[in-house]
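Work through the exercises below with the sequence and the model open side by side. Each task is followed by a solution in steps.

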Amino acid sequence: SNCKCLMSVPGPCEPEDLIDGIIFAANYLGSTQLLSERNPSKNIRMMQAQEAVSRVKVGEGDSQALTEVDLFISTQRIKVLNADTQETMMDHALRTISYIADIGNIVVLMARRRMPRSASQDCIETTPGAQEGKKQYKMICHVFESEDAQLIAQSIGQAFSVAYQEFLRANGINPEDLSQKEYSDIINTQEMYNDDLIHFSNSENCKELQLEKQKGEILGVVIVESGWGSILPTVILANMMNGGPAARSGKLSIGDQIMSINGTSLVGLPLATCQGIIKGLKNQMQVKLNIVSCPPVTTVLIKRPDLKYQLGFSVQNGIICSLMRGGIAERGGVRVGHRIIEINGQSVVATAHEKIVQALSNSVGEIHMKTMPAAMFRLLTGQETPLYI
């Protein structure tokens, strides 16, 4: 077969296996539908994924009977089969899958739906961040839970790459010429810089704190997202109210990542959910926090041996708005939603968008950057009034 000449595509599977199809076990949590532009930015996609998770997970008690499913992934299609009966519950051609996200042990699979003309008048809540007036498409978002969430997401990503190679081959183009292999070799020789896991597993950085407060008193904090691309996506303390319980304690610093509050883990939860959990503490008099103390500014190191290797992220007005999974930027610690403050020692806070893009696209070797969540930057520079919770 033509499998022998399949290039190694980075990912957890053998490319040949993806042509036949592989199966993962998962629990199906539910599906929801939302409207989307055809090609929204990656961070809007991530917001959509988190929105889907929060919709599907609302009202689930532990008593909810989970449906065990087999997730079949191939270069042609993705199918969901009932694990017991092996009946097909869903079947999507691979090309209709527009996004796949893994958030902790949750996988969100988004597929485009072709709508019959008459039904296109239906209106559903529009997705956060979508602009009015743009043509919108219905997306069906399936939410699964699996210990292999990350592996599943990577395998689907890999299925796309293999399918793309097959498509090139069918059109008489040799994928080898695209030097994907060189790129993956470069990736594989690079260490994860800014290795969150090392920082997070160093017990000196992890603290459990107890805060005292009055009944009815708010905690007095502003939290923002740590940004997609961080290994443990959670919320960051961006601001504290003078004289509020958080500031009074003297135990917290801006930049601290909040892992859990009163035993509830915040890792992988959407920002709104985390804010809701904190607001729900109003009548408590003691609040237990697990935090990892992190500097408010993230240091990023991108190793780019040559201009021919794409950086793997894009910037709009100084803010990182998309990130390629598995690229050199992700390895270097780049995060979506962060504002670039410095490139190779030069401040770019007041630099025009074009100049930033130019500086980045012409840089090779080691690119050092400092970034911080854009929302935190706006608070610290007084562009935004803090809304304390």
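**Exercise 1. Classify E51 and R55 by exposure, and describe the contact of their side chains.**

Step 1. E51 has a relative accessible area of 23% and is therefore partly exposed; the classes are buried for under 20% relative accessible area, exposed for over 50%, and partly exposed in between, with a 1.4 Å probe and protein chains only. R55 is likewise partly exposed, at 23%.

Step 2. The two side chains form a salt bridge, with 3.1 Å from N to O. The term requires a side-chain nitrogen of Lys or Arg within 4 Å of a carboxyl oxygen of Asp or Glu.

Step 3. Both residues belong to helix α2 (residues 42–57), where they stand 4 residues apart, about one turn of the helix. Helices (H or I, at least four residues) and strands (E, at least two) are DSSP runs numbered from the N terminus.

Conventions for all exercises: the model is predicted, local features need pLDDT of at least 70, side-chain atom pairs count only at pLDDT 80 or more, and totals for chains, interfaces and linings use all residues. Residues are numbered from 1 along each chain as its sequence is written, and side-chain values use heavy atoms, with hydrogens and water left out.

**Exercise 2. State how many salt bridges the whole structure has, and locate R77–D91 and E217–R248 among them.**

Step 1. The search of the whole structure gives 4 salt bridges.

Step 2. In the pair R77 and D91, the closest N and O atoms are 2.8 Å apart. This pair links distant parts of the chain, with R77 in strand β3 (residues 77–82) and D91 in strand β4 (residues 88–93), 14 residues apart. R77 is partly exposed at 30% relative accessible area, and D91 is partly exposed at 38%.

Step 3. E217 and R248 make a salt bridge of 2.9 Å, N to O. Here too distant parts of the chain are linked: E217 is in the loop between β8 (206–212) and β9 (221–225), and R248 is in helix α6 (residues 245–249), 31 residues apart. R248 counts as partly exposed, with 44% relative accessibility.

**Exercise 3. Find the aromatic pair and decide whether its rings are stacked, tilted or edge-to-face.**

Step 1. The structure has 1 aromatic pair. The ring centres of Y28 and F144 are 5.7 Å apart and the planes lie at 50 degrees, so the pair is tilted. The cut-offs are as follows: rings of Phe, Tyr and Trp (its six-membered ring) pair if their centres lie within 6.5 Å, and planes under 30 degrees apart are stacked, over 60 edge-to-face, and the rest tilted.

Step 2. Y28 lies in strand β1 (residues 22–36) and F144 in strand β7 (residues 137–145), 116 residues apart, so the pair links distant parts of the chain. Both Y28 and F144 are buried.

**Exercise 4. Say which residue lies over the face of F72.**

K79 does, at 5.6 Å from the ring centre. The criterion is NZ of Lys or CZ of Arg within 6 Å of the ring centre and within 35 degrees of the ring normal.

**Exercise 5. Describe the largest cavity: its volume, its lining and the strands that contribute.**

Step 1. The structure holds 1 cavity of 30 Å³ or more, and the largest cavity has about 50 Å³ of space. A cavity is a set of points on a 1 Å grid over the protein atoms alone where a 1.4 Å probe fits but cannot get out, and lining residues have an atom within 4 Å of a point. Grid points are joined across faces, edges and corners, and the volume is the space filled by probe spheres set on the points.

Step 2. Lining residues of the largest cavity include L219, V221, L237, A246 and I291. β11 (257–261) and β13 (286–292) each supply at least two residues of this lining.

Step 3. By class, the lining has 10 nonpolar, no polar and no charged residues. Nonpolar covers Ala, Val, Leu, Ile, Met, Phe, Trp, Tyr, Cys and Pro; charged covers Asp, Glu, Lys and Arg; the others, Gly among them, are polar.

**Exercise 6. Give the phi of Q86 and of N344, and place both residues.**

Step 1. Q86 is not a glycine, yet has a positive phi of about 60 degrees. Q86 sits in the loop between β3 and β4 and is partly exposed at 40%.

Step 2. N344, also a residue other than glycine, has a positive phi near 45 degrees. N344 is in the loop between β17 (338–343) and β18 (346–347) and is partly exposed at 39%.

Key:
On a 1 Å grid over the protein atoms alone, a cavity is a set of points where a 1.4 Å probe fits but cannot get out, and a pocket is an open set with protein on both sides within 12 Å along at least five of seven lines; lining residues have an atom within 4 Å of a point.
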